[in-house]
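Please follow the chain with the structure open beside the text, moving from the strands outward to the loops.

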Amino acid sequence: MRKLDNQVAIITGGARGQGAEEARRFALEGAAVAICDVLETEGNRLAAEISAAGGHARFFPLDVSSEQRWQTIVSEVVEWRDKITILVNNAGIINQLGVLETSIDEWNRVMNVNITGPFLGIKHVAPIMGRAGGGSIINIASTASHLGVKCAAYVSSKTGLLGLTRTAATELADLGVRVNAICPGVVATDMGSGLSSAEAMRVATPMLRHGTVDDVARLALFLASNDSDYITGTEITIDGGFVAAGAMKLVRHLVNNPKALDVLKAAGL
Ligand SMILES: NC(=O)c1ccc[n+]([C@@H]2O[C@H](COP(=O)([O-])OP(=O)(O)OC[C@H]3O[C@@H](n4cnc5c(N)ncnc54)[C@H](O)[C@@H]3O)[C@@H](O)[C@H]2O)c1
């Protein structure tokens, strides 16, 4: 018996990066996976890759900020596999702008994807999960949910996502639906590797490496499966100790390697 036999998963932002690895791993563990994304070519290619390896996957075009698209794809996934039992709200975007630099359009753009998207997903998927006897919802937040970083809209959206996680978990327990969040540190994907602070954050991480998509996918599998069946309303940080260390790892490193200050200056920190 595999960990996700007979399960049906929706993964938003599933065409690449962390979402794509979760799609591969969930399919290997027996789930049918609906890969939902705005990237049609990449999403269809991944669905074909998983099917060729003997798994069940299909691509569904979805902009997570559109309520109408959510309603449509929820119906289509139910038509495809009869039920939905796992939802990973993984789609996300970032900008590295402070409060004073963020226009209202840029603020709304990030909020629409990072917090309105998960809200709509939970709203439209949870009742379907309830009909199937329950399910697991996983919201991909960030270590930025715990820190003041100069990414005003991103930090606000990812912090709000923890509030949405708690309130949805409380409300949806009656339906047998668990809701949890994952807070990754820097993960080596298009988003993570593109951050101007990525190298400085690696140096400030006690385990001295960035996370991998595999690290996060294994945690997502745990939260999706019955191995975590008494866990709801909480968040798990996966960051090599970055948040736990606070600034101390970096301070020790700077004391021992004064030249490392250049890395920080180059990152604009
Ligand atoms: N990479 C990191 O360092 C890091 C750290 C902490 C949290 N996260 C979070 O992890 C999640 C996955 O990010 P990633 O690292 O794989 O980055 P990524 O940029 O590789 O993947 C993001 C995916 O979301 C999709 N997406 C963007 N807007 C969308 C929309 N409106 N509708 C549907 N899909 C949309 C993209 O097309 C892409 O496939 C995000 O929520 C991100 O905020 C990333």
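Six bridges connect β5 with strand β6 (residues 177-184), and the two strands run parallel; strands are taken to pair if DSSP finds at least two bridges between them. Helices (H or I, at least four residues) and strands (E, at least two) are DSSP runs, numbered from the N terminus. Within this pairing, G135 stands opposite V177 in β6. The chain gets from β5 to β6 through helix α5 (residues 152-172), and this β-α-β crossover is right-handed, a term that applies if, with the strands pointing away from the viewer, the path from the first strand over the helix to the second runs clockwise.

Before going further, please note that this is a predicted model, in which local features need pLDDT of at least 70 and side-chain atom pairs count only at pLDDT 80 or more, while totals for chains, interfaces and linings use all residues. Residues are numbered from 1 along each chain as its sequence is written.

On the other side of the account of β5 stands its pairing with strand β4 (residues 86-89), to which β5 is joined by four bridges, again with the strands running parallel. Here N89 is the residue opposite N139 in β5. The path from β4 to β5 leads through α4, and this β-α-β crossover is right-handed. How many of the six residues of strand β5 are buried? Six of the six residues of β5 (residues 135-140) are buried, so the strand is largely enclosed by the rest of the structure; a residue counts as buried if 20 or more other C-beta atoms lie within 10 Å of its own, as exposed if 12 or fewer do, and as partly exposed in between, with C-beta atoms placed from the backbone. Both faces of β5 are covered, with G135, I137 and N139 buried on one side and S136, I138 and I140 buried on the other.

Strand β2 (residues 32-37) can be read in a similar way: six of its six residues are buried, so it is largely enclosed by the rest of the structure. One side of β2 carries A32, A34 and C36 and the other carries V33, I35 and D37, and these are all buried. Strand β1 (residues 8-12) pairs with β2 in the parallel sense over five bridges, and in this pairing A9 stands opposite V33. Together, β1, α1 and β2 form a right-handed β-α-β unit. The chain then crosses from β2 through helix α2 (residues 40-52) to β3, again in a right-handed β-α-β crossover. Strand β3 (residues 56-61) pairs with β2 in the parallel sense over six bridges, where D37 stands opposite P61.

A9 and V33 also appear in the largest nonpolar core, which has 75 residues and in which A9, A23, V33, I35 and A220 have the most contacts. Helix α4 (residues 104-131) gives the most to this core, with nine residues. Such a core is a set of buried Ala, Val, Leu, Ile, Met, Phe, Trp, Tyr and Cys residues joined through C-beta atoms within 7 Å. Leaving aside residues up to four places away in sequence, A9 touches F26, A31, V33, A34, I86, V88 and A224; two residues are in contact if their C-beta atoms, placed from the backbone, lie within 7 Å.

Which residues come nearest to the ligand? Of the 28 residues around the ligand, these are G13, G17, G92, M191 and G192, where a residue is near a molecule if its C-beta atom, placed from the backbone, lies within 6 Å of it. The elements that give two or more residues to this shell are α1 (17-28) and α6 (190-193).

Two loop residues complete the tour. A188 lies in the loop between β6 and α6 and counts as partly exposed, with 17 C-beta neighbours inside 10 Å. Not counting residues up to four places away in sequence, A188 touches S193, H210 and T212. N95 has its place in the loop between β4 and α4 and is likewise partly exposed, with 14 C-beta neighbours inside 10 Å. Its contacts, with residues up to four places away in sequence not counted, are E106, V110, C151, A153 and Y154.
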